[in-house]
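Please keep the viewer open beside this text and make each selection as it comes up. The stops are arranged so that each one leads on to the next.

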Amino acid sequence: SLQESVQEILNQQMAVEAHSSALYLSMSAWCYAQGLRGTGEFFRKQADEEREHMMKIFNYITHAGGLAVSPETSNIERNFTDLRSILVMSLEQEIQITENFNKMTEHCQKARDYQTARFLQWYLDEQYEEEKQARRCIEIFDQMNSKDAIFDIDREIHDLKKKD
Ligand code: OFO
């Protein structure tokens with residue numbers, strides 16, 4: 001079964017994923033309220049994915065005979081200034097989450113819990129994709145930005161969830 005310290009860092013990450021999901025939902029709401037439906041949908045899907053990430057950890061802990069902790073979420077940002085600042089915030093958040101998984105993997109290796117280290121590999125792959133997508137969003141914004149282009153940007157970001 002899981003070592004105490006490994007269970008603890010997995011539970012902490014469950015809370016991070018829950019927060020991430022709630023933050024993306026908040027970004028989605030803001031975008032929809034601005035009439036940016038494409039980006040609103042993009043972030044709504046992103047919120048769903050973060051919840052799936054959380055549940056994947058929940059299942060892992062549970063099936064390993066541990067005790068998962070259902071996280072609380074608070075301090076969810078609601079006041080955003082503009083679309084670009086949301087896109088930058090999203091990239092920064094993903095970079096931070098990647099760093100979490102690096103540290104967790106290192107912890108598991110030191111604790112000689114190679115099973116969990118291997119489980120975490122999935123997240124590192126996923127983070128690579130998410131950072132790539134978040135970086136692409138900022139590129140799209142910066143390449144296309146002009147007052148007339150905001151709805152084209154909105155559509156391009158929306159379509160990112162179809163590609164890959
Ligand atoms: Fe995009 O963060 Fe989850 O793992």
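**A helix pair, its core and the loops**

Begin by selecting α4 and α5, whose axes come within 10 Å and cross at roughly 160 degrees. Since angles over 145 degrees count as roughly antiparallel, the two helices α4 and α5 are therefore roughly antiparallel to each other. Turning the view so that one helix lies in front of the other, you can follow α4 as it passes α5 in a right-handed crossing. To see what makes the contact, show the side chains of Q133, R136, C137, I140, F141 and M144 on α4, together with those of D152, I153, E156, I157 and L160 on α5. Coloured by class, the contact of α4 with α5 shows seven nonpolar, one polar and three charged residues.

Keep this pair in view for a moment while you set it in the whole chain, which in this predicted model has five helices and zero strands. From the N terminus on, the elements run α-α-α-α-α, and the C-alpha trace spans about 55 × 25 × 25 Å along its principal axes. Of the 164 residues in the protein chain, 26% are buried. If you draw the contacts between residues at least 6 apart in sequence, 74% of them join residues at least 24 apart.

Next, select C137 alone, and ask which residues it touches once those up to four places away in sequence are left out. The partners of C137 are L87, I157 and L160.

From there, widen the selection to the largest nonpolar core, which has 17 residues and in which M27, C137 and F141 have the most contacts. The elements that give two or more residues to this core are α1 (4-33), α2 (37-63), α3 (83-110), α4 (114-144) and α5 (150-160). Colouring by element also shows that the largest share of this core, five residues, comes from α1. Apart from this core lies another one, of nine residues, and to find it you can select L10, C108, L120 and Y123, which are among its members.

Now leave the cores and go to the loop between α2 and α3, where L67 is placed. Is L67 buried or exposed? With 9 other C-beta atoms within 10 Å, L67 is exposed, a residue counting as exposed if that number is 12 or fewer. Add Q7 to the selection and put a distance label between the two C-alpha atoms: L67 and Q7 are 60 residues apart along the chain, and their C-alpha atoms are separated by 7.7 Å.

Stay in the loop between α2 and α3 and select N75, which also has its place there. The backbone is the thing to inspect here, as phi of N75 is near 55 degrees, a positive value in a residue other than glycine. Most residues other than glycine have a negative phi. N75 is exposed, with 7 other C-beta atoms within 10 Å.

For the last stop, move to the loop between α3 and α4 and select R112. What is the value of phi at R112? Phi of R112 is near 60 degrees, again a positive value in a residue other than glycine. R112 is exposed, with 9 other C-beta atoms within 10 Å.

Definitions and conventions:
Residues numbered from 1 in each chain as written. Predicted model: local features only at pLDDT ≥ 70, side-chain atom pairs only at ≥ 80, totals over all residues. Core = buried A, V, L, I, M, F, W, Y, C linked by C-beta atoms within 7 Å. Buried ≥ 20, exposed ≤ 12 C-beta atoms within 10 Å, placed from the backbone. Helix = DSSP H or I, 4+ residues; strand = E, 2+ residues; numbered from the N terminus. Contact = placed C-beta atoms within 7 Å. Axes fitted to C-alpha atoms, helices over the stretch in contact; angles between N-to-C directions. Parallel < 35°, antiparallel > 145°, perpendicular 65-115°, else oblique. Left-handed = near helix turned anticlockwise from the far one by under 90°. Nonpolar A, V, L, I, M, F, W, Y, C, P; charged D, E, K, R; others polar.
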